[in-house]
Protein chains: 2
Amino acid sequence: MDRLPSVKIRDSLEQRIVEGELGNGKRLDETELSRFYGVSRTPVREALQRLAESGLAEHLPRRGTFVRSPSLSQLVEMFEVMAELECMAIRLAARRATANDIDALEKDNETCRAAVAANDTKKYYEVNARLHGRIYQMSGNSFLASEARRLHDRLRPFRRLQLRVRGRMEESMAEHDIILAALRDGDANGAMETMKKHITIVGVRFNDLVSSFNRIMGDE
Amino acid sequence: MDRLPSVKIRDSLEQRIVEGELGNGKRLDETELSRFYGVSRTPVREALQRLAESGLAEHLPRRGTFVRSPSLSQLVEMFEVMAELECMAIRLAARRATANDIDALEKDNETCRAAVAANDTKKYYEVNARLHGRIYQMSGNSFLASEARRLHDRLRPFRRLQLRVRGRMEESMAEHDIILAALRDGDANGAMETMKKHITIVGVRFNDLVSSFNRIMGDE
DNA sequence: TACGACCAAATTGTATACTAAAAATTGGAG
DNA sequence: CTCCAATTTTTAGTATACAATTTGGTCGTA
């Protein structure tokens with residue numbers, strides 16, 4: 001199944017925004033993009049409609065479409081909601097996890113640990129995302145899983161910067177260990193407690209986040 | 001500010017789906033819709049793209065766009081997530097509510113009570129939605145507010161059916177009373193407890209059963 | 001009758017042409 | 001030189017024309 005051009009363009013734009021190539025406030029010019037992708041304006045417009053619907057861009061009638069990264073306060077709000085969803089997922093997962101599920105998590109966690117030892121941020125991020133995705137699945141609530149994954153992806157660039165903060169990867173690993181131990185014991189409350197701390201940015205030094213944030217947002 | 005035709009069409013379709021006029025599986029024919037709305041296919045297509053992105057419809061490449069109502073198990077999952085978001089909102093609201101906020105809630109609640117007395121389901125739904133929306137706002141987390149409102153709107157037709165169940169409106173009122181009382185006392189936990197019961201449709205046991213069932217059966 | 005290939009109608013996806021609204025520019029008055 | 005207004009230019013929104021793909025049916029053959 002080969003995807004439609006309009007969908008491919010949408011995905012490409014989404015990635016370019018998330019990667020930071022298309023910074024906040026950047027005007028997404030229909031003609032320019034149509035030249036870039038070698039198609040007419042029609043599929044580009046459809047891609048932009050979908051982008052705007054998902055919240056990554058804002059469409060102003062008869063003005064154009066603009067990349068809209070969240071403000072700092074919106075970011076904090078999003079992390080707050082993310083923490084709640086992760087908590088919910090881990091609570092459900094603790095009740096429903098099978099031995100196989102937990103084994104898979106353990107395996108990912110060890111890969112994470114290796115990445116930390118090698119100081120491989122990219123690898124760590126990748127496996128970490130898989131681990132969290134697995135927990136969403138384990139919750140048994142596929143709607144929750146899809147919502148959590150959506151938010152997770154949207155917070156991706158910020159989460160990644162957060163990991164660059166010195167010592168954050170090690171700290172994160174320790175939390176993973178506690179969460180997994182709680183899961184193994186079926187201790188839903190313990191897992192939730194740690195997960196909340198794990199996600200919420202309040203645990204991180206606020207200044208670190210702000211400086212990362214400014215670095216990302218600084219370039220237009 | 002007058003909205004663009006493509007946006008108006010999107011909103012109209014969304015409403016028609018939610019109202020049940022366009023039932024599950026209904027094919028959204030581009031030509032037919034363009035005739036219906038008296039415009040060309042272009043704005044209709046853009047409206048359909050947005051609908052698909054928001055999850056109300058599904059777009060199959062070169063086949064068409066179809067209304068996709070959630071299955072029973074998806075519905076249960078969505079209510080489960082809704083309950084979690086409502087809990088979060090009420091927890092935050094309990095900490096941040098001002099006297100004015102609570103007065104406004106009380107007023108809505110009394111209007112609700114009048115609607116129950118008159119057995120006016122439509123009115124009850126309307127004011128009930130406003131009351132919940134107010135709680136989202138009171139949480140102080142605007143991202144949470146927008147997400148909760150989105151889900152609330154999407155669950156609207158099912159919530160409405162639920163209210164037709166005999167005695168459900170009265171029961172719902174009683175819960176509102178308890179929640180408001182807890183809010184007035186700043187009792188976040190009490191408010192959350194009741195809210196959880198208030199939202200969850202069938203009870204946690206059933207959710208667990210359906211979720212495990214789906215996991216076993218491999219239905220994603 | 002059953003099955004398969006091929007053709008035709010319908011419908012989606014894309015390109016292009018046209019319209020209308022907003023930004024940019026130019027020209028003049030003060 | 002500055003400010004404002006009219007005009008030009010650019011660009012978003014829409015219509016229409018065309019291409020590509022699926023689908024249903026028909027015809028022919030085993």
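Mentor: Before we start, a definition: two strands pair if DSSP finds at least two bridges between them. Keep in mind too that this is a predicted model.

Trainee: Got it. So which residue is the bridge partner of A:Ala57 in strand 2 of chain A?

Mentor: Start with the two strands: strand 1 (residues 57-60) and strand 2 (residues 64-67) of chain A run antiparallel and share four bridges. One of those strands holds A:Ala57, and its partner sits in strand 2. That partner is A:Val67.

Trainee: And which residue in the turn of that hairpin has a positive phi?

Mentor: Strand 1 and strand 2 of chain A make a hairpin, with three residues between them. One residue in the turn has a positive phi of about 60 degrees, and that's A:Arg62.

Trainee: Let's move to the DNA. Which part of DNA strand C accounts for 73% of its atoms that come within 4 Å of the protein?

Mentor: Strand C is surrounded by 17 residues, with A:Pro5, A:Ser40, A:Arg63, B:Arg41 and B:Arg45 the closest. Of the strand's atoms within 4 Å of the protein, the 73% share belongs to sugar and phosphate.

Trainee: How far is a backbone N or O atom of A:Ser40 from a phosphate oxygen of DNA strand C?

Mentor: Phosphate oxygens of strand C turn up in a few polar contacts. A polar side-chain atom of B:His59 is 2.9 Å from one, and a polar backbone atom of B:Arg62 is 3.0 Å from one. For the backbone atom of A:Ser40, the distance is 2.5 Å.

Trainee: Last one: how many charged residues does the surface near DNA strand C have?

Mentor: Split that surface by class. There are five nonpolar and four polar residues. The charged ones number eight.

Note on methods
Residues are numbered from 1 along each chain as its sequence is written. Chains are lettered from A and ligands numbered from 1 in the order in which they are written. This is a predicted model: local features need pLDDT of at least 70, side-chain atom pairs count only at pLDDT 80 or more; totals for chains, interfaces and linings use all residues. Side-chain values use heavy atoms; hydrogens and water are left out. A residue is near a molecule or strand if one of its heavy atoms lies within 4 Å of it. A polar contact is a pair of N or O atoms within 3.5 Å; within protein, one must be able to donate a hydrogen and the other to accept it, and residues adjacent in sequence count only if both atoms are side-chain atoms. Ala, Val, Leu, Ile, Met, Phe, Trp, Tyr, Cys and Pro count as nonpolar, Asp, Glu, Lys and Arg as charged, and the others, Gly among them, as polar.
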